[in-house]
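Let's take an informal walk through this structure, stopping at a handful of spots along the way. Have a look at it first, and then we'll start with a question.

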Amino acid sequence: MTAHTQSAPHSRSDSDVLVIGGGAAGLSAALMLGRARRRVVVLDNGTPRNAPASHMHGVLGRDHTSPLDYLKHGRADLDRYDVRVVDATVTALGGHAGHFTATTDDGTTFAARRLIVTTGLTDHLPDVPGLAERWGRDVVQCPYCDGWEVRDRRIGVLRTSPMSLHHATLWRQWTDRMVYLTDGAEPTEDERTRLGARGVDIVTTPVTSVETTDDALSGVTLADGTVVPLDALAVGLRFSARSELLTSLGLHAVPHTMGLGEVIEADATGATSVPGVRVAGNVSDPSATVIAATAQGSLVGAHTNLELVMEETDAAVARSGERPTLDGAFWDELYRESDRRWSGNPNPPLTLVAAPLTPGRALDVGCGEGADAVWLAQQGWETTGVDISAVATDRARDLDDSVTWETRDLVHDPLPEESFDLVTMHYFGILRSDGDDAVRRLAATVAPGGTLLMVSHARVQGHSWIGFEPTDFWSPSEVGAVLDPAEWEIRVDETRPRPAPPAGAGGHHVDDEILVAVRRTR
């Protein structure tokens with residue numbers, strides 16, 4: 001939707017699925033979804049976990065290639081599908097299944113029915129001088145990723161946790177020239193027995209620094225000044241899932257089963273405890289290599305599509321039933337269900353738009369129980385409130401008898417043309433089946449120089465209402481497109497977050513679509 005104001009960015013791309021993170025898992029999920037004819041937006045800030053590594057390994061067809069090249073080719077694969085990759089940092093997540101939102105650092109908000117998070121994790125390196133500078137080069141972690149490249153060379157394994165015995169035992173597969181550095185910890189009997197049986201030397205003196213010669217790791221210096229010559233240093237790391245943004249959705253990291261960090265818990269399909277949110281890759285599985293994360297992304301993408309298919313099928317079944325006629329009797333019955341249906345407060349978009357206007361004649365279309373019309377009257381407007389429900393207008397009349405209240409179907413029985421300086425419609429549904437004429441008849445009641453304000457809930461796919469889909473009604477942007485540009489100036493046509501957390505009726509709507517159009521003077 002195009003925004004015509006100069007305010008902070010509110011533009012948004014509505015899609016089926018938002019993927020947060022454009023690494024191997026995220027792009028793979030997007031590829032699967034794109035091939036399933038889904039509209040996908042991938043938001044990526046360009047900080048993959050394996051960025052320090054010059055090569056990746058164990059990826060069929062891409063072995064020993066740059067991980068950044070792998071992602072470059074992955075993005076290119078998405079070009080033929082309805083997948084958009086946006087380079088941006090996500091600063092906030094919100095919403096729920098059916099309508100998730102992601103706001104980026106430039107203020108843009110993206111929305112989608114489902115959310116896939118593939119943000120990976122952060123590795124926490126041992127605090128040893130010189131170690132971080134060699135990370136991803138000759139300071140390594142995974143033997144399956146880097147063991148072949150340092151095979152038969154001098155490899156040190158630095159103890160960082162009780163899991164390091166497993167780590168050292170595994171690395172012994174790639175060399176018989178290995179040293180186990182306990183960093184001051186006394187080896188357990190099991191460590192001495194198992195490593196001794198494989199011919200692994202054990203050094204207990206603490207490590208004080210990692211040494212480099214000619215831009216290559218050459219060894220480690222111990223606390224007593226001894227230098228242990230090495231060609232590579234393997235370290236087991238602590239890690240934490242990049243999951244801070246998920247807390248706003250009620251999703252929190254939990255301790256990993258091996259006690260080495262925190263991850264987001266999910267089932268085999270990537271489903272989390274929050275409906276509509278799935279995860280893939282290192283954010284939930286720290287041991288996943290590039291090819292494993294790619295496979296997980298593909299699986300999660302397929303299950304996300306299946307979930308949407310089931311939802312759409314249920315909606316189609318619901319639509320196949322008889323839909324009610326949205327006449328006065330229908331709305332009367334709806335209002336009778338409670339003593340008060342709405343909050344009784346004026347809608348914030350009205351107060352923002354109308355406040356700077358000079359009071360004149362105002363029409364509140366679909367006035368309901370009268371809060372907007374009463375507010376306008378209090379600001380000095382000569383106000384008419386009209387609703388198709390007699391129950392609603394009777395309640396409104398009890399609030400303020402200075403307002404002219406009418407029970408009327410304005411779509412089919414409009415008021416005289418050019419009668420009002422302000423015509424406001426908040427959440428007033430105009431069925432598309434009523435055609436362009438219905439829109440034009442309502443707009444025609446605005447006098448030259450007057451303002452038309454239309455506010456609707458942003459469309460939320462998958463949320464039908466008594467058999468009607470969001471697309472069954474005219475959106476503000478579509479109404480703006482019907483207006484003759486020679487006769488109307490569009491001042492605002494955009495989507496904005498609702499000013500207050502919604503509650504009660506319409507509570508699943510978190511954004512508003514807003515149209516402000518001014519009729520040109522002759």
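Does Asp214 count as buried or exposed, and at what relative accessibility? Asp214 is exposed, with a relative accessibility of 75%. Keep in mind that this is a predicted model.

**Two loop residues with positive phi**

Asp214 sits in the loop between strand 12 (207-212) and strand 13 (217-222). Its backbone has a twist to it: phi is near 55 degrees, which is positive even though the residue is not a glycine. His64 is another non-glycine with a positive phi, about 65 degrees in this case. You'll find His64 in the loop that runs between strand 2 (40-44) and helix 2 (67-77). Here are the two side by side:

| Residue | Phi | Relative accessible area |
|---|---|---|
| His64 | about 65 degrees | 40%, partly exposed |
| Asp214 | near 55 degrees | 75%, exposed |

**The sheet next to Asp214's loop**

Strands 12 and 13, on either side of that loop, belong to an open sheet of three strands, ordered 12-13-14 and paired antiparallel. Strand 12 and strand 14 (227-229) are the edge strands; each has a single partner, so one side of each has no neighbour in the sheet. On average, neighbouring strands here are turned by 25 degrees against each other, direction ignored. Between strand 13 and strand 14 there are three bridges. Across from Val227 in strand 14 you'll see Thr221.

**Two buried acidic residues**

Now move along to Asp332, in helix 7 (residues 328-336). Which side chain of opposite charge is nearest to the buried Asp332? That would be Arg336, 4.5 Å away, and Asp332 has no salt bridge. The cut-off for a salt bridge is 4 Å, so a distance beyond that doesn't count. What Asp332 does have is a polar contact of 2.6 Å between its side chain and that of Ser389. Leaving out residues up to four places away in sequence, Asp332 touches Ser389, Ala390 and Val391.

Glu369 is buried as well, at 10% relative accessible area, and its place is the loop between strand 20 (361-365) and helix 9 (371-378). Where does its side chain reach? To the backbone nitrogen of Trp342, at 3.0 Å. Beyond its neighbours within four places in sequence, Glu369 is in contact with several residues, including Tyr335, Asp339, Arg340, Arg341 and Arg395. As for Asp394, it is 25 residues from Glu369 in sequence, and their C-alpha atoms are 8.0 Å apart in space.

Definitions and conventions. Residues are numbered from 1 along each chain as its sequence is written. This is a predicted model: local features need pLDDT of at least 70, side-chain atom pairs count only at pLDDT 80 or more; totals for chains, interfaces and linings use all residues. Side-chain values use heavy atoms; hydrogens and water are left out. Helices (H or I, at least four residues) and strands (E, at least two) are DSSP runs, numbered from the N terminus. Buried means under 20% relative accessible area, exposed over 50%, partly exposed in between (1.4 Å probe, protein chains only). Lys and Arg count as positive and Asp and Glu as negative; His and the chain ends are not counted. A polar contact is a pair of N or O atoms within 3.5 Å; within protein, one must be able to donate a hydrogen and the other to accept it, and residues adjacent in sequence count only if both atoms are side-chain atoms. Contact means heavy atoms within 4.5 Å. Two strands pair if DSSP finds at least two bridges between them. Axes are lines fitted to C-alpha atoms, for helices over the stretch in contact, and angles run from 0 to 180 degrees between N-to-C directions.
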